[in-house]
Amino acid sequence: MDEISVAGAEAAATYFMQLYPYAYATGDLTEWRNLSDPECVFCNSVVLNVEEQVAAGHSSTGSRMDVHEVFAWEISVGRYGATVNATEGPSMELDASGELVSQRLTPETNELTYALAHDGTAWRVLEVGVEPAS
């Protein structure tokens, strides 16, 4: 993932996508924030949602991400696009007492399109678009 290349962009996009269920399950946003550009709308929405969940005393389980395909391309020096096709498994949100708040029983397959940049030190996710896979 440290490599500044198409392969590095693919690894960064895949890793970031797999942080999504981790952030919801643990409430730990440290690595999510480290990889998120401050202007990334999608990234910030996840931070807000996880913080609200933690403040309410809720937790999430499940939501495993299975990657089917990853494709990246160089846009310009240090800037890349990437597309990840992945299935998010069923998930549940529980309140502090363990009671079910919400659940999604059906897996969802989506295509996530990333704008990424590498500043010579680390990858940064600039934006993520999510669409149902066709």
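I take buried to mean under 20% relative accessible area. Thr-83 has a relative accessible area of 18%, so I enter Thr-83 as buried. The model I am reading is predicted.

**Entry: confidence**

I looked up the confidence before going further. The chain averages a pLDDT of 92, and 100% of the residues score at least 70. Confidence is lowest in β1, where the mean is 84. Helix α2, residues 30-35, has the highest, at 96.

**Entry: Thr-83**

I returned to Thr-83, which sits in strand β3. I set aside the neighbours within four places in sequence and listed what else Thr-83 is in contact with. The list holds Glu-69, Val-70, Phe-71 and Trp-73, and further along the chain Glu-111, Leu-112 and Thr-113.

**Entry: Glu-88**

Which strand holds Glu-88? I found Glu-88 in β3, a strand that covers residues 79-88. Is Glu-88 buried or exposed? The relative accessible area of Glu-88 is 12%, and I wrote down buried. I then looked for a partner of the Glu-88 side chain and found Arg-104, joined to Glu-88 by a polar contact of 3.1 Å between the side chains. Arg-104 also appears among the contacts of Glu-88 beyond four places in sequence. The others there are Tyr-20, Ser-63, Arg-64, Met-65, Pro-107 and Glu-108.

**Entry: Thr-14**

I moved to helix α1 for Thr-14. With a relative accessible area of 16%, Thr-14 is buried. Beyond four places in sequence, I noted contacts of Thr-14 with Val-67 and Val-70. Val-70 was already in my notes as a contact of Thr-83. I also looked up the separation of Thr-14 and Arg-104: the two are 90 residues apart along the chain, and their C-alpha atoms are separated by 22 Å.

**Entry: Cys-43**

Cys-43 is in helix α3, residues 41-55. What is the relative accessibility of Cys-43? I read 0%, and Cys-43 counts as buried. Leaving aside the neighbours within four places, I listed Phe-16, Trp-32, Ser-36 and Val-125 as contacts of Cys-43. Glu-69 lies 26 residues from Cys-43 along the chain, with 21 Å between the C-alpha atoms.

**Entry: Pro-132**

I wanted an exposed residue for the notebook and took Pro-132, which has a relative accessible area of 62%. The cut-off for exposed is over 50%, so Pro-132 qualifies. Pro-132 lies in strand β7, residues 123-132. Outside four places in sequence, Pro-132 is in contact with Thr-109, Asn-110 and Glu-111. Glu-111 is also on the list for Thr-83. From Pro-132 to Ser-5 I noted 127 residues in sequence and 27 Å in space, C-alpha to C-alpha.

**Entry: the largest pocket**

I turned last to empty space. Rolling a probe the size of a water molecule over the atoms shows where such space is left. The largest pocket has a volume of about 230 Å³. How many residues line the largest pocket? I noted 16, and Tyr-24, Ser-60, Ser-91, Met-92 and Glu-93 lie nearest the centre of the pocket. Sorted by type, the lining has 5 nonpolar, 8 polar and 3 charged residues.

Which element gives the most to the lining of the largest pocket? I found α1, with 4 residues. At least two residues each come from α1 (6-26), β1 (59-62), β4 (91-94) and β5 (100-104). I marked β1 for a second look, as the element of lowest confidence in the chain.

How values were computed. Residues are numbered from 1 along each chain as its sequence is written. This is a predicted model: local features need pLDDT of at least 70, side-chain atom pairs count only at pLDDT 80 or more; totals for chains, interfaces and linings use all residues. Side-chain values use heavy atoms; hydrogens and water are left out. Buried means under 20% relative accessible area, exposed over 50%, partly exposed in between (1.4 Å probe, protein chains only). A polar contact is a pair of N or O atoms within 3.5 Å; within protein, one must be able to donate a hydrogen and the other to accept it, and residues adjacent in sequence count only if both atoms are side-chain atoms. Contact means heavy atoms within 4.5 Å. On a 1 Å grid over the protein atoms alone, a cavity is a set of points where a 1.4 Å probe fits but cannot get out, and a pocket is an open set with protein on both sides within 12 Å along at least five of seven lines; lining residues have an atom within 4 Å of a point. Grid points are joined across faces, edges and corners, and a volume is the space filled by probe spheres set on the points. Ala, Val, Leu, Ile, Met, Phe, Trp, Tyr, Cys and Pro count as nonpolar, Asp, Glu, Lys and Arg as charged, and the others, Gly among them, as polar. pLDDT is the predictor's confidence in each residue, from 0 to 100.
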